[in-house]
Amino acid sequence: MNESKAAIRAWTRAQARLGLRMARPSIFLGVVSSLLAVVQIWCIANILGPALTTLLPAGGVVSGEVPIWPFAGFIGAALTRMAVNATSEISSAAAGRAARRRLRSEVLSSIVGAGPAVLRQTHSGALAALAVDRIEALDGYFARWAPASVLWIASPFCLFLSVLWVQPRAALILGLCGAAVPVAQAVFGIGAAVASRNQFLAMTRLQARFLDRIRGIATIVLSGRADEETARLAEAADDLRVRTMKILRVAFLSSASIDCAMIIALIAIALADGHHALAAADDADRQNLLRLVINSLFALLIVPEFFAPFRGLALAYQDRALAQGAAAEILALPEPQSVTGGQPVRTVEAHGVTIAFEDVCFTWDASRGPALDHVSFIAPAGETTVLAGPSGAGKSTVMELLLGFIRPDSGRVTFNGADMQTIVPEAIAKMTSWIGQRPVLFAGTLKENITFAKPDATPEEMAAALRSSAVDRFLPDLPDGLETVIGEGGFGLSGGQAQRIAIARAYLKNAPILLLDEPTAYLDPVTEADVFESLKRLALKRTVILASHSTAVHMFSGRRVDLAHGRVTARQGAA
Ligand SMILES: Nc1ncnc2c1ncn2[C@@H]1O[C@H](COP(=O)(O)OP(=O)(O)OP(=O)(O)O)[C@@H](O)[C@H]1O
Ligand SMILES: [Mg+2]
């Protein structure tokens, strides 16, 4: 736990360093904006000062008329400040965008690198929330928090110095009230961080639950549990509401504490300076009185500017808490796997690839024992090896090792004698076709789905793939032939038809290794026999590993390895 906390802290610190580097322009512009505010306020004080002194009992403008320069100065400073603030906003937004792009690509490459193995540990809804919402929410961390974390000291300090120059007494009051703010913020900040972390957890839970229930809608309706599930969803939504309100409450308290400090500063300066101004009003020295009024006005008007960066920091504090929450999730993702060594693989198509498992052990979860326990077998080049075994025997784990998504805890997996870990993942991906239990169809046309692995396939290659996979048998039934839109929201296909599309894809890819993980698990016996027929054609001259507990695998002549509880229990053929 402490280790993970330290990791989160290290990650946030690294991000903060990056964020600060990107926020440099915004910080510089923020300080410039504060200095312009000083000019603006000085001009206003010089406009209001002479006007106010005329109202005093022994009034009369001292130096003749109200000078023109404060008006010109005020307008000039206001326009420049507007431009500076706009540029600063644009630069913050750009920093936020760049950071989100960088983080999103890091997270996506972790997810893609981990492959399906990541879904055994994390809910797909939570992954989607991380890649989309969590990272979107980090915008504030880079666009607001990073500049605010410096400006809350730099800007008030500049303003403090300017007040110290003209009115040391008011500067003292400002300094004292300003120093009280961080104390209050620290108290509320901790509360805000906890509240915001809880809120995000509740949101992720709600998303995962909703996705689950949508996927299982048929089971829910048929089990007559629709009402209960709706009530549960409502509960989760309510939980989210309560937690969101808590954040708002803490945010309200934190902003109220800044307002209090500001009001106290205003009243204290007004009282102290008012007292002196009244004393001066009785003197004959009008020049002195005017200077005093201008200085006091300047000090008073600068108070809201002085506290504005604190408010900016308080608003951005939540963004920091969100970053810490995201850190925990991003760090929980598996590290992108690096290749050790870097030997080129001795292959390929001409001679085929021989795959060997040498004493391989792998454990998903130590409390549940090893999923693979000293597994050794050989799948010779150009032959089919059937992995048979009951559910939970470890067949899919073997497949995931072969796909390179996970690594053996001990032992080696070799391709033509070269340890898989020394082969670059791209080379493995190029050598391998994989067909799982449920083929993935993307929303798009049938043609796009088939040419997914080889977009530049020639019409002849395409025709051959359609014929060999028997897609051409159901093609005439589709409304637009190869251009029919399938996948999510598209034309419905049966399990067997979908599996044929996966086979056609594998034909086009023409890789020397073919991994089949129960490709007929959801098919009826007749369709299963048909699909196996197509697969047999596809298997010719390739190294095939077929995981299945179907009795129909006898259609594949070749070697057979029996697995049970992660151990090899029997071998037939010379495997
Ligand atoms: N994320 C995980 N955490 C803990 N144990 C896991 C995890 N994933 C799989 N296992 C365990 O590993 C073992 C092997 O699982 P695997 O999915 O490889 O089996 P399988 O032979 O493919 O089963 P099936 O025929 O049902 O697909 C099982 O006992 C399973 O419970
Ligand atoms: Mg399996």
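Trainee: Which helix supplies the largest share of the positive patch?

Mentor: Helix α1, residues 2-53, with six residues of the patch. Bear in mind that we are looking at a predicted model.

Trainee: What makes Lys5, Arg9, Arg13, Arg17, Arg21, Arg24 and Arg197 a patch of positive charge?

Mentor: Lys and Arg count as positive, and like charges are joined within 9 Å. These seven names are Lys or Arg, and they gather on the surface, so the patch is called positive.

Trainee: Why is Arg17 called exposed?

Mentor: Exposed means over 50% relative accessible area. Arg17, which lies in helix α1, has 54% relative accessibility and therefore counts as exposed.

Trainee: Good. Which residues form the nonpolar patch, and where do they come from?

Mentor: Phe210, Ile214, Ile217 and Val221 form that patch on the surface, and together they have about 380 Å² of accessible area. Helices α6 (168-215) and α7 (217-222) each supply at least two of its residues.

Trainee: Why does Phe210 count as partly exposed?

Mentor: Partly exposed lies between the buried limit of 20% and the exposed limit of 50%. Phe210, found in helix α6, has 44% relative accessibility, so partly exposed is the right term.

Trainee: Let's turn to the rings. How many aromatic pairs does the structure hold?

Mentor: There are nine aromatic pairs. One of them joins Trp42 and Phe298.

Trainee: What makes the pair of Trp42 and Phe298 edge-to-face?

Mentor: Ring centres must lie within 6.5 Å to pair, and planes over 60 degrees apart count as edge-to-face. Here the centres are 5.4 Å apart and the planes are at 85°, so both conditions are met. Trp42 lies in helix α1 and Phe298 in helix α9 (residues 286-332), so the pair ties together parts that are 256 residues apart in sequence.

Trainee: Are these two rings buried or exposed, or somewhere in between?

Mentor: Trp42 has 29% relative accessibility, so Trp42 counts as partly exposed. Phe298, at 2%, counts as buried because buried means under 20%.

Trainee: How do you know that Phe357 and Phe377 are stacked?

Mentor: Planes under 30 degrees apart count as stacked. For Phe357 and Phe377 the angle is 10°, with 4.8 Å centre to centre. The pair links strand β1 (residues 355-362), which holds Phe357, to strand β2 (residues 372-379), which holds Phe377, with the two positions 20 residues apart in sequence. Both Phe357 and Phe377 are buried.

Trainee: And which residues form the aromatic cluster?

Mentor: Trp152, Phe306, Phe307 and Phe310 form one cluster.

How values were computed. Residues numbered from 1 in each chain as written. Chains lettered and ligands numbered in written order. Predicted model: local features only at pLDDT ≥ 70, side-chain atom pairs only at ≥ 80, totals over all residues. Heavy atoms only, no water. Patch = residues over 30% accessible without salt bridge, like charges linked within 9 Å, V, L, I, M, F, W, Y side chains within 5 Å. Areas by Shrake-Rupley, 256 points an atom, 1.4 Å probe, with all protein chains shown as cover. Salt bridge = Lys/Arg side-chain N within 4 Å of Asp/Glu carboxyl O. Charge placed at Lys NZ, Arg CZ, Asp CG, Glu CD. Helix = DSSP H or I, 4+ residues; strand = E, 2+ residues; numbered from the N terminus. Buried < 20%, exposed > 50% of the residue type's maximum accessible area, 1.4 Å probe, protein only. Phe/Tyr/Trp six-rings, centres within 6.5 Å; stacked < 30°, edge-to-face > 60°.
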